[in-house]
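I opened the model to look up its strand pairing, its nonpolar core and the surroundings of its ligand. My entries follow.

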Amino acid sequence: MICFGYVRRKVEQEYEGKTIENLLIVAQNIEQILDIMNEKDVIDRIYINFCNPWPRPKHKKKRLTHTKQLEKYKVFLSDGAEVYFKTDDDGLFDDSIKYFEESGFEILNKTYDLHKEPIWENNIITEHEKMFSDDGIKIKALIAKNKREDI
Ligand SMILES: C[S@@+](CC[C@H](N)C(=O)[O-])C[C@H]1O[C@@H](n2cnc3c(N)ncnc32)[C@H](O)[C@@H]1O
């Protein structure tokens with residue numbers, strides 16, 4: 001269940017009463033992302049945080065970093081746009097490196113221990129990130145740069 005009220009209240013709390021003009025909260029299955037986004041949208045950055053690892057071979061296509069999904073993101077990502085991805089899951093991380101490369105992204109940086117070896121500034125620790133790192137699981141992360149072939 002997606003609770004928009006909860007998300008809205010959390011954001012308002014962070015903004016401490018300031019006007020929020022750059023936020024749109026949507027509920028959409030990523031597989032149908034092109035129903036709401038197209039080439040007229042120009043997105044410079046995507047964050048993918050702790051998406052479901054879908055470890056069974058027959059389910060891997062559902063991963064948010066699978067080539068099938070990356071090809072869809074490319075429709076609205078600008079040339080040079082970056083995807084910031086982090087996960088607790090080793091299998092998902094290693095496969096995702098291949099997915100990004102297969103889809104023509106360049107891996108700018110990667111780490112198998114984000115908290116010890118930060119690859120970006122001001123990392124915001126998500127709910128799942130706290131849960132996994134409190135359990136001693138290292139956080140894997142990468143930054144992948146989009147290279148558009150159509151321009
Ligand atoms: C483990 S939670 C991550 C929660 C949060 N990002 C964090 O780091 O604490 C995985 C999220 O991915 C979303 N998700 C999984 N498959 C999806 C899909 N096909 N389309 C859209 N969202 C999806 C789920 O709804 C869930 O909210």
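In which sense do strand β1 and strand β2 pair, and over how many bridges? I found β1 (residues 43-49) and β2 (residues 77-87) paired in the parallel sense over 6 bridges. Helices (H or I, at least four residues) and strands (E, at least two) are DSSP runs, numbered from the N terminus, and two strands pair if DSSP finds at least two bridges between them.

I noted the conventions next. The model is predicted: local features need pLDDT of at least 70, side-chain atom pairs count only at pLDDT 80 or more, and totals for chains, interfaces and linings use all residues. Residues are numbered from 1 along each chain as its sequence is written.

I then followed β2 to its other partner. Strand β4 (residues 140-145) runs antiparallel to β2, and 6 bridges join them. In this pair K86 stands opposite A141 of β4.

I looked up A141 again in the core. The largest nonpolar core (buried Ala, Val, Leu, Ile, Met, Phe, Trp, Tyr and Cys residues joined through C-beta atoms within 7 Å; buried means 20 or more other C-beta atoms within 10 Å of a residue's own, C-beta atoms being placed from the backbone) has 14 residues. F85, F100, A141 and A144 have the most contacts inside it. Its largest share, 4 residues, comes from β2.

Last, I checked the ligand. Residues around the ligand (C-beta atom, placed from the backbone, within 6 Å of it) include N29, F50, K62 and H128. Helix α4 (residues 127-134) gives the largest share of this shell, 3 residues.

Note on methods
Buried ≥ 20, exposed ≤ 12 C-beta atoms within 10 Å, placed from the backbone.
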